[in-house]
Amino acid sequence: MKPIGELTLRTLAMPADANAAGDIFGGWVMAQMDLSCGIRAAERARGRVVTAAVKEMAFAKPVKIGDTLCIYTHIAHVGRTSITLKVEAWAQRYLSDLMELVTHADFIMVALDKDGKPTPVPKEM
């Protein structure tokens with residue numbers, strides 16, 4: 001199995017992000033996924049975006065201290081003011097080439113204007 005989408009973010013899982021057993025908090029993983037969607041959607045919208053919804057998420061495998069978390073994003077749909085992204089979080093295991101899918105979800109981002117109101121996503125160039 002290989003990642004789907006574009007590598008958007010890579011970051012190292014550190015002890016401050018883990019519980020006493022050395023497992024990385026799910027909320028931290030989700031936050032990295034949200035950051036990735038913000039980067040990718042803002043590039044596509046050519047402006048400010050916010051997270052409107054996250055569809056169901058389940059964790060298949062843990063992330064451990066020292067793993068590199070790799071977030072892949074794929075723009076699945078562009079609506080009038082929204083962008084739906086398919087997001088996968090993969091763990092590259094510490095000091096290894098092994099990559100394992102940790103979780104995936106659909107994130108829905110909304111483009112905003114300077115006043116914070118939803119605004120149309122520009123056509124692709």
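Student: Leaving aside its neighbours within four places in sequence, which residues is Gly22 in contact with?

Tutor: Good place to start! This is a predicted model, where local features need pLDDT of at least 70, side-chain atom pairs count only at pLDDT 80 or more, and totals for chains, interfaces and linings use all residues. Residues are numbered from 1 along each chain as its sequence is written, and side-chain values use heavy atoms, with hydrogens and water left out. Taking contact to mean heavy atoms within 4.5 Å, and setting aside those neighbours, the partners of Gly22 are Val63, Lys64 and Ile65.

Student: Is Gly22 buried or exposed?

Tutor: Gly22 sits in the loop between strand 1 (6-12) and helix 1 (26-45); helices (H or I, at least four residues) and strands (E, at least two) are DSSP runs, numbered from the N terminus. Buried means under 20% relative accessible area, exposed over 50%, and partly exposed in between (1.4 Å probe, protein chains only). Gly22 has a relative accessibility of 13%, so this residue counts as buried.

Student: How many Å apart are the end C-alpha atoms of helix 1?

Tutor: The expected span of a helix is 1.5 Å times one less than its number of residues. Helix 1 has 20 residues, so the expected span is 28 Å, and this agrees with the distance between its end C-alpha atoms, 28 Å.

Student: Which strands do the buried residues of helix 1 pack against?

Tutor: Several residues of helix 1 are buried, among them Trp28, Met33 and Arg40. The buried residues of this helix pack against strand 1, strand 2 (49-54), strand 3 (68-78), strand 4 (82-92) and strand 5 (99-111).

Student: Which residue forms a salt bridge with Arg40?

Tutor: A salt bridge is a side-chain nitrogen of Lys or Arg within 4 Å of a carboxyl oxygen of Asp or Glu. For Arg40, the closest N and O atoms of the pair are 3.6 Å apart. The pair links distant parts of the chain, with Arg40 in helix 1 and its partner in strand 1, 34 residues apart. Arg40 counts as buried because its relative accessibility is 16%, while at 41% partly exposed is the label for its partner, Glu6.

Student: Which residues are linked with Arg93 in a network of salt bridges?

Tutor: Begin with one pair: Arg93 forms a salt bridge with Glu100, their closest N and O atoms being 2.8 Å apart. Both of these residues are buried. The network of salt bridges links Arg93 with Lys61, Asp67 and Glu100.
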